[in-house]
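I opened my notebook to look at how the strands and helices of this chain are arranged. Here is the structure I had on screen.

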Amino acid sequence: MFDAVKIREDFPIFKRMVRGKPLIYLDSAATSQKPYAVIEAQDDFYKNYNANVHRGIYAISEEATSAYEQARDKVADFIGARRREGVVFTRNATEAINLVANSWGRTNLKPGDEILLTQMEHHSNLIPWQLIAQQTGAKLKFIPLTPDGRLDLDTLPHLMTEKVKFVSIVHVSNALGTINPVDKIIRAAHGFGALVLVDASQSVQHLGVNVRQLDCDFMAFSGHKMLGPTGIGVLWGKPELLDKMPPYQGGGEMITEVHLEWATYREPPAKFEAGTPNIAGAIGLGAAIDYLNNVGIDQIRLHEQELIAYALEHIEEVGDIDIYGPRPDRGGVVSFNLKGVHPHDVSTILDEDGIAIRAGHHCTQPLMRWLDVPATVRASVYLYNVKEDIDCLTESLKKVKEIFAVTA
Ligand code: C6P
């Protein structure tokens, strides 16, 4: 039986007070909170078997290597990957996307080729492609949005041509909550021989994503948004594609033979993990995946759907509110503005009530421009949120309205 109140007990941060009030955390899209299990897994590594991986022929190094590689198995299992070799540990989703843009993009793109993105991409799935387009002469194209903030798939037949060599799309928008039909886009792209990267930063921990079912070519996500530590992320790639790609960074552990003038490289994933990796981070991520599996992603999704429906209804009841993004089907995010009040002012007043919420452009400036707003207020939920959190948010929003004397 899913019980968010009980789940909260696993998260030490909910014991603390903020500005004299219990912490109301509504910013899990930025980063999630961490359960004891994750904190303790990292602690245990540093206290009991801290050693470098893949190097030492002694007990604690072997233990560290085994735990690090077990974490890779857990990730592979979690995303339905057939082979563990497809899982590359990175710093975060951003680094995973940069890896593909640089390694695959630089080798395969040429002037006249097209990279297809969407108008709702996070900067992390936009800037790496801008940079690679500038370096290779490839051109960027964008799937536009419908007025309710979905991808306008009617444009796909015009946009998807044999010129498109790579498609990189967000699965769930961090700013709108839109759940994109990535399966349809992947099928269309493959029909033209283009490869597809799915930015699963806001989906893998909420919806569950199976790379075999989706048949994407690459997937990127961050550990810290899925109860794991910061500084660890994942690039999953089809092993046959990773095999053919050149290294992204050079250094220790990614080589087989080194001469002064040249070197040969190891097979993936080692080829893409130059230098000492974030061992504790990977172990913590493994513990986070265990935790999520224990609770059950399907249960988490149902809980979030209930919370988001509740939030949409009650935030709207405050009045003078613009809510962005589609309904009813969306991820665990509600972006909105209180008419006539800057989102930063809203967030500052909510903070006085111990409410942590994000206000800003959410690293999606082109999307904000499309919405014709400088920024939004964004509430995002996860498995540990309860309806009372939303009640506190709406009460506080009423206070903001009073302070700013917003009139309809
Ligand atoms: N979005 C948010 O508050 P990193 O920073 O690499 O862990 O994640 C980047 C990223 C990529 N794609 C999407 C869809 C994202 O939402 C994010 C991170 C956070 O919305 C921080 S801006």
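These entries cover a sheet first and then a pair of helices.

**The sheet.** I kept in mind that this is a predicted model. I looked up the strand order and found seven strands in an open sheet, running β4-β10-β9-β8-β7-β5-β6, with mixed pairing. Next I checked the edges: β4 (87–90) and β6 (139–143) each pair on one side only. I also noted the twist, and neighbouring strands of this sheet are turned by 20° against each other on average, ignoring direction.

**One strand pair.** I then followed β5 (residues 114–118), which is joined to β6 by five bridges, with the two strands running parallel. Which residue is the bridge partner of I115 in β6? I found L140 there.

**A helix on the sheet.** I turned to α3 (residues 59–78), which lies across β4, β9 (218–222) and β10 (233–237). Against β4, I read an angle of about 115° for α3.

**A helix pair.** My last stop was α11 (residues 297–317) with α14 (residues 387–404), packed at an angle of about 20° with their axes 10 Å apart. Angles under 35 degrees count as roughly parallel, so I put α11 down as roughly parallel to α14. The crossing of α11 past α14 is right-handed.

I wanted the residues too. From α11, E306, L307, Y310, A311, H314 and I315 meet K387, I390, D391, L393, T394 and L397 of α14. I sorted the residues of this contact by type and got seven nonpolar, two polar and three charged.

Note on methods
Residues are numbered from 1 along each chain as its sequence is written. This is a predicted model: local features need pLDDT of at least 70, side-chain atom pairs count only at pLDDT 80 or more; totals for chains, interfaces and linings use all residues. Side-chain values use heavy atoms; hydrogens and water are left out. Two strands pair if DSSP finds at least two bridges between them. Helices (H or I, at least four residues) and strands (E, at least two) are DSSP runs, numbered from the N terminus. Axes are lines fitted to C-alpha atoms, for helices over the stretch in contact, and angles run from 0 to 180 degrees between N-to-C directions. Contact means heavy atoms within 4.5 Å. Angles under 35 degrees count as roughly parallel, over 145 as roughly antiparallel, 65 to 115 as roughly perpendicular and the rest as oblique. A crossing is left-handed if the near helix is turned anticlockwise from the far one by less than a right angle, and right-handed if clockwise. Ala, Val, Leu, Ile, Met, Phe, Trp, Tyr, Cys and Pro count as nonpolar, Asp, Glu, Lys and Arg as charged, and the others, Gly among them, as polar.
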